[in-house]
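Please open the model in your viewer and keep the selection tool at hand. The tour below moves from one selection to the next and says what is to be found at each stop.

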Amino acid sequence: MTAIQEKVVLITGASSGIGEATARLLARRGAKVVLGARRTDRLAALVAEIEATGGTASFQRLDVTHRPDVESFAEFALETHGHIDVLVNAAGVMPMSPLWNRKIEEWELMIDVNLRGVLLGIAAVLPTMQEQGWGHIVNVAPVAMQGVSPASAVYHGTQYAVNAISEGLRQEHAGRLHVTMISPDVNGPGDPLAERIANSYSRERIRTNRRIAVPVDAVARSIAGAIEGYGITVDTMRLPYRQKPHPAVYVQ
């Protein structure tokens, strides 16, 4: 029996990309996955696929920007399984554009999904985890491969904020709850983030970079590895570029 088997794992953004890949992998390793996203047709198909291979999965429609949705998602998991072991915050959007374009609605969307969504997820599961005396929160914050660019200021701002929140959460609950921050580069085929970039130059640059970026399945394996290492405190896991191979870094 692995450290993942029988764990109740909530995954946001589970209808595609990192969230979808993580759901498949953790279910294969024996986790009871509870999946959330807005596209319920994709979630239903994924749950059916997992159950057809002997896994345990359930889903609920989830808009991570809507507090009642997030709270209901956590309550659904508790009602279904009686406890919550892990939350994987994998929902994210990346509609990049230069600041001078003043795409304020896109800025608000990134702040709401990438940052507010993470905070609402933490808030929804934290009371249960504190009462249980155990729990693991995994925050996924992909970082564009070439760092901050003229079109990525707001996106990177949200990801850096998630990093700060993860570190603060770790310090507040050191020795009780486990917090993992996973920062892969913009991912390869299978990750929809690059297709949602509004700015044409940025979209083409990211599409080119994706050919050598870490694939979503590798990110899912890193998340599984963090959960399997539940007995230690894992603060940060930063995945390397393929062209600059080095081991994933665990900072304790």
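The structure holds eight salt bridges, a salt bridge being a side-chain nitrogen of Lys or Arg within 4 Å of a carboxyl oxygen of Asp or Glu. This is a predicted model, in which local features need pLDDT of at least 70 and side-chain atom pairs count only at pLDDT 80 or more, while totals for chains, interfaces and linings use all residues. Residues are numbered from 1 along each chain as its sequence is written, and side-chain values use heavy atoms, with hydrogens and water left out.

Begin with the whole protein chain, whose secondary structure comes to seven helices and eight strands; helices (H or I, at least four residues) and strands (E, at least two) are DSSP runs, numbered from the N terminus. Of its 252 residues, 55% are buried, where buried means under 20% relative accessible area, exposed over 50%, and partly exposed in between (1.4 Å probe, protein chains only). Among the contacts in the protein chain with a separation of 6 or more, 69% are between residues 24 or more positions apart, a contact meaning heavy atoms within 4.5 Å.

Next, select glutamate 6 and lysine 32, whose side chains meet in a salt bridge of 3.3 Å, N to O. This pair links distant parts of the chain, since glutamate 6 sits in the segment before β1 and lysine 32 in strand β2 (residues 32–37), 26 residues apart. Glutamate 6 is partly exposed with a relative accessible area of 44%, and lysine 32 is partly exposed as well, with 24%. While glutamate 6 is still selected, look at its backbone, which has a positive phi of about 70 degrees although the residue is not a glycine. Most residues other than glycine have a negative phi.

A second residue to select for its backbone is arginine 102, which has a positive phi of about 55 degrees and is not a glycine either. Arginine 102 is found in the loop between β4 (86–89) and α4 (104–132), and with 59% relative accessibility it counts as exposed.

Now move to helix α1 (residues 17–28) and select arginine 24 and glutamate 20, which are four residues apart there and are therefore separated by about one helical turn. Their side chains meet in a salt bridge of 3.0 Å, N to O. Which of the words buried or exposed fits glutamate 20? Glutamate 20 is buried, with a relative accessible area of 15%, whereas arginine 24 counts as partly exposed at 26%.

Add arginine 42 to the selection, because glutamate 20 lies in helix α1 and arginine 42 in helix α2 (residues 40–52), so the pair ties together parts that are 22 residues apart in sequence. Glutamate 20 forms a salt bridge with arginine 42, in which the closest N and O atoms are 3.5 Å apart. Salt bridges that share partners join Glu20, Arg24, Arg42 and Glu49 into one network.

For the last stop, select strand β6 (residues 178–182), where five of the five residues are buried, so the strand is largely enclosed by the rest of the structure. From β6, His178, Thr180 and Ile182 point one way, and Val179 and Met181 point the other way. In a regular strand the side chains alternate between the two faces of the sheet. Adding strand β5 (residues 136–140) shows a parallel partner, joined to β6 by five bridges; two strands pair if DSSP finds at least two bridges between them. Within this pairing, histidine 136 stands opposite histidine 178 in β6.
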